[in-house]
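Reader: I've got a model open and want to talk through how it is put together. Mind if I fire off some questions?
Author: Go ahead, and we'll take them one at a time.

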Amino acid sequence: MTALVCETPGQLQIHQRPRPADRPGHLRVRVAAIGICGTDYHIFGGNQPFLQYPRVMGHELSGHAMADSADGRIAKGDLVVVNPYLTCGDCRACRAGKPNCCENIAVLGVHTDGGMAQEIVVPEGNLYPAGDLDARAAAMVEFLAIGAHGVRRAAPAPGSDALIVGAGPIGVGAALFARIAGARVTLRDTSADRLTLAASIIPDAVTELVSDASDAVFDTVFDATGNIGAMNAGLSHLGHGGAYVLLSVVKGDLVFADPEFHKRETTLLASRNATHEDFRHVMDCMARGLVPVDRIATHRTSLTDAVADLPRWAEDRGTVVKALIEVA
């Protein structure tokens, strides 16, 4: 089969590889579409720790089942959404119904080869029938579910004020699902281009450059910057009794002044990955027309053309919300 391989940082090549072997409890999927994630750009740039090269990237995936599932949920040929989080099922988190933060988690395309290829073999439980979604929309479910999970953890009240700092794909997803939950949404970023793209997706959101931001405070603040300085500063935007949700994960120490943290009676929440409930919520919102798929999917390419396109988009993140690889 054809696969796009990141040989070393900065080097992509098309390879012909053996098809992945069948495994008990797994289903073979013919890949249809792949979303390019910030993680993929980091792998290409050599900025992803604990990763072994060469690596087939790709964890935002849709595809067609190549056989019936054992439990009858999926028929041969069905379009499926892939949950890329491979979990142990035995650790404390898994037993508590929180596999998104499994102690032994492995992510397709990061810890093991992923879906930038024609076929992939995935545990049956990690496949969700896509229903009426098309392949492009189905490939965007995973990244949107990350923002949706953070919103579900914070549970913003309808009519409350939510600030999302960072208008990249994860921030846009969080803003979109905060708006669906009924919150009034403000998006802040250092890039006017990213804010313009975000405003085209969520027209009723307030957008502000960080340099021009007001001193307003919010009931919920989400950080999606990937910048430790912004994460440490985010508490200052939070009103008393509010929740601060960290979607970003970076190397570094979170440092808050305890009087500021304490006087707000702050609820501090980390948000990691997503669960089946979040995937289903995103898919339901897509089916109801609440997610502007056409405006989110800003760029597309093929496996072969991605050799040139992915490096170019890695340097042009201000005009890309979500780029998709479509597999013939």
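Reader: Which residues of helix 5 are buried?
Author: This is a predicted model, so keep that in mind throughout. Buried here means under 20% relative accessible area. In helix 5, the residues that meet that cut-off are Gly171, Val172, Gly173, Ala174, Ala175, Leu176, Phe177 and Ala178.

Reader: What covers those buried residues of helix 5?
Author: The cover includes both strands and helices. Strand 10 (161-165) and strand 11 are among the strands. The helices include helix 4, helix 6, helix 9 (276-287) and helix 10 (293-296).

Reader: How far does helix 5 reach from its first C-alpha to its last?
Author: Helix 5 covers residues 169-180, which is 12 residues. At 1.5 Å a residue, the expected span is 16 Å. The model comes out close to that, at 16 Å.

Reader: What comes after helix 5, and what is the phi of glycine 182?
Author: Helix 5 is followed by glycine 182. Its phi is positive, near 105°.

Reader: In what order do the strands of the open sheet run?
Author: There are 6 strands in this sheet, and the pairing is parallel. From one strand to the next, the twist averages 20°. The order is 12-11-10-13-14-15.

Reader: Which strands stand at the edges, and why is one side of each left without a neighbour?
Author: An edge strand has a single partner strand, so one of its sides has no neighbour in the sheet. That applies to strand 12 and strand 15 (267-270).

Reader: What angle does the direction of helix 5 make with that of strand 11?
Author: Helix 5 packs on the sheet, where it touches strand 10 and strand 11. Relative to the direction of strand 11, the angle is about 165°.

Reader: Which residue is the bridge partner of aspartate 189?
Author: Strand 11 (residues 184-189) pairs with strand 12 (residues 206-209) in the parallel sense, over 4 bridges. Together with helix 6 (residues 192-201), these two strands make a right-handed β-α-β unit. The partner of aspartate 189 sits in strand 12 and is leucine 209.

Reader: And on the other pairing, what is the bridge partner of phenylalanine 222?
Author: Strand 13 (residues 218-223) and strand 14 (residues 238-246) are joined by 5 bridges in the parallel sense. In strand 14, the partner of phenylalanine 222 is valine 245.

Reader: Which helix gives the largest share of the largest nonpolar core?
Author: That core has 96 residues, and those touching the most other members are Met116, Met140, Leu144, Phe177, Met286, Val291 and Ile296. The largest share is 8 residues, and it comes from helix 4 (residues 141-154).

Reader: What does isoleucine 296 touch?
Author: Leave out residues up to four places away in sequence. The contacts of isoleucine 296 are then Met140, Phe143, Leu144, Leu176, Ile201, Val291, Val321 and Lys322.

Reader: Where is the cis peptide bond involving proline 54, and what is its omega?
Author: Proline 54 lies in the loop between helix 1 (38-45) and strand 4 (60-65). The cis bond runs from tyrosine 53 to proline 54, with omega near -5°.

Reader: Is alanine 155 buried or exposed?
Author: Alanine 155 is in the loop between helix 4 and strand 10. Its phi is positive, near 50°, though it is a residue other than glycine. The relative accessible area is 56%, and the cut-off for exposed is over 50%. Alanine 155 is therefore exposed.

Methods. Residues are numbered from 1 along each chain as its sequence is written. This is a predicted model: local features need pLDDT of at least 70, side-chain atom pairs count only at pLDDT 80 or more; totals for chains, interfaces and linings use all residues. Side-chain values use heavy atoms; hydrogens and water are left out. Two strands pair if DSSP finds at least two bridges between them. A crossover is right-handed if, with the strands pointing away from the viewer, the path from the first strand over the helix to the second runs clockwise. A nonpolar core is a set of buried Ala, Val, Leu, Ile, Met, Phe, Trp, Tyr and Cys residues joined through side-chain atoms within 4.5 Å. Buried means under 20% relative accessible area, exposed over 50%, partly exposed in between (1.4 Å probe, protein chains only). Contact means heavy atoms within 4.5 Å. The expected span of a helix is 1.5 Å times one less than its number of residues. Axes are lines fitted to C-alpha atoms, for helices over the stretch in contact, and angles run from 0 to 180 degrees between N-to-C directions.
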